[in-house]
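Notebook open, model loaded. I'm going through it one item at a time and jotting down what I look up.

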Amino acid sequence: MIDTTKFSLADFMKSEDKNIMELAKEFWEYKEDYVRRRHYQYRRVSITGSGPTMKIIDHYTGQVKEMINLASNDYLNLTKHPRTIKAGIEAVKKYGTGAGSVPLLGGTLDIHVELEKKLAKFKGCEDALIYTSGYGSNLGTISAILHEKDVAILDMYVHASIIDGCRNTNVEFFRHNNMDSLEKVLKKVKDKYNTKLVIVDGVYSMDGDIAPLDQIVEIAHAYGAFVMVDEAHATGVIGKNGRGTPEHCNVEGKVDIVAGTLSKALGAVGGFIATNKELVNYLHFYSRAYMFSTAPTPQATASLIEALNVIEEEPELRQRLWDNIRYFRENLLKLGFNLGNQQTAIFPIIIGDDYKVKEMCRELHEAGIYVNPVFYPAVPRRLSRIRMSVTAGHTKEHLDRTLDVLEHLGKKYGII
């Protein structure tokens, strides 16, 4: 049996002297120790779907357990909104369960075009194209436009899909949200590459903070670089009308490429790129993730069109979300928890001790509160944390119950 207190996930990513089957067997033993310690908080199976609460099948008891769900990205609870459900059902009846082909050949439906036009307008861009996943939209776009004579300039905290999209190009990193560091890198690469693309997240998924996109655009453009922002956790959440980071930072129409998922606040699945019409047309033919993946399902597409309508027509959902964000933040800070520079619906309780994170998440699970443990190598060891996110559908009772349990555990483990 492998002792999980002496190893991390990083130890099983590759091996110099074992083949993949041997490595997988060792990792299985590592997982078994996780389970034995009741630290295994992954792949908990829901039988009710996403929501502020959900019923899961408990790993350890085999029984159905109802939990307060603080592990969802369904910020506006649109996965179960009556309007999005109805739109999806009607689309299945009209178009069937799938698009039947890749979008460039026989798989483009009229509702795909409608969603693309709606996304482009929503993001203040000329045109857009949709992918079957948010990961695919970043991977497919970046790998199509950046090559050996180009450079990607990345915030150190960008999403893994962005880093993976840069495998065939040059990469430079700048310190997280640090404009002096960004400018230093831009000066370094100024006359060396054809395409220079600064890529950031609008809202960072592990820290819940916001990129200073207005400053990034100004600095990047001054050095002849383009800007791409991933709006995965920003769309529907920030900005006066929920249109995301460009709206929040008053730079709508000035960001060269706006990317994002369709699986978080929009409540379905997929990804998108919004930009100028010429680049969209280029991606139709050169983005392999777009060309060689069957087009998104009719149900998801129709539900997403309606989700955008709901965001525009029911601003009270976003207001409820922000009421919950402010309430939860204020009370966590009062208790003395370290939230870093958290600004949005994502709440990192930074602990800096992997074992304490695992033990606290075990006890939170037992108390009926669903959260995510995050530790090395996803974050540095000194920044290991419990990650939570609130939604519009959480009640004060849900949040107060969570705060009570966190206060007890924070004191028990010497965190507060």
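Which helix does Trp322 lie in? I checked, and Trp322 sits in helix H12, residues 315-335. Note to self before going on: this is a predicted model.

**Entry: around Trp322**

I listed what Trp322 touches, leaving out residues up to four places away in sequence, and got Val237, Ile238, Gln343 and Thr344. Val237 comes up again in the polar contacts: the side chain of Trp322 reaches the backbone oxygen of Val237 at 2.7 Å. I also looked up Ile56, which is 266 residues from Trp322 along the chain; their C-alpha atoms are separated by 27 Å.

**Entry: domains**

Next I pulled the domain bounds. The chain is split into domain 1 (1-37), domain 2 (81-313) and domain 3 (315-413). I picked domain 1 and domain 3 for a closer look, and their C-alpha centres are 28 Å apart. Eight residues from domain 1 and seven residues from domain 3 make up the contact.

How much area do domain 1 and domain 3 bury between them? I get about 530 Å², with 60% of it on carbon and sulfur atoms. On the domain 1 side, Ser8, Tyr34 and Arg37 supply 54% of the area buried against domain 3, more than any other three residues.

I then went after charged and polar pairs there. Between domain 1 and domain 3 I count zero salt bridges. The search for residue pairs in polar contact across that interface, both at pLDDT 80 or more, also gives zero.

**Entry: salt bridges**

Side chains of opposite charge can pair when their charged atoms come close. My count by the salt-bridge rule comes to 24. I wrote down one of them: the side chains of Arg83 and Glu313 meet at 2.8 Å, N to O. Arg83 is in helix H2 (residues 82-95) and Glu313 is in helix H11 (residues 298-313), so this pair ties together parts 230 residues apart in sequence.

**Entry: the seven-stranded sheet**

I traced the strand order of this open sheet as E4-E10-E9-E8-E7-E5-E6, and the pairing is mixed. Which strands stand at the edges? They are E4 (127-131) and E6 (170-174); each has a single partner strand, so one side of each is left without a neighbour in the sheet. Neighbouring strands here are turned by 20° against each other on average, direction ignored.

I zoomed in on E5 (residues 151-155) and E7 (residues 196-201), which run parallel and are joined by four bridges. Ile153 has Val198 in E7 as its bridge partner. Helix H7 (residues 213-222) packs on the sheet and touches E7 and E8 (226-230), and its direction makes about 155° with that of E8.

**Entry: the three-stranded sheet**

This one is open too, ordered E11-E14-E13, with antiparallel pairing. E11 (346-350) and E13 (372-374) take the edge positions with a single partner strand each, so one side of each has no neighbour in the sheet. I noted an average turn of 30° between neighbouring strands, direction ignored.

How many bridges pair E13 with E14? Three, in the antiparallel sense, with E14 covering residues 385-389. For Asn372, the bridge partner in E14 is Arg387. Helix H13 (residues 354-366) packs on this sheet, touching E13 and E14, and its direction makes about 40° with that of E14.

Definitions and conventions. Residues are numbered from 1 along each chain as its sequence is written. This is a predicted model: local features need pLDDT of at least 70, side-chain atom pairs count only at pLDDT 80 or more; totals for chains, interfaces and linings use all residues. Side-chain values use heavy atoms; hydrogens and water are left out. Two strands pair if DSSP finds at least two bridges between them. Helices (H or I, at least four residues) and strands (E, at least two) are DSSP runs, numbered from the N terminus. Axes are lines fitted to C-alpha atoms, for helices over the stretch in contact, and angles run from 0 to 180 degrees between N-to-C directions. Contact means heavy atoms within 4.5 Å. Domain bounds come from an automatic or database domain assignment. Buried area is the accessible area (1.4 Å probe) that two parts lose on being put together, summed over both. A salt bridge is a side-chain nitrogen of Lys or Arg within 4 Å of a carboxyl oxygen of Asp or Glu. A polar contact is a pair of N or O atoms within 3.5 Å; within protein, one must be able to donate a hydrogen and the other to accept it, and residues adjacent in sequence count only if both atoms are side-chain atoms.
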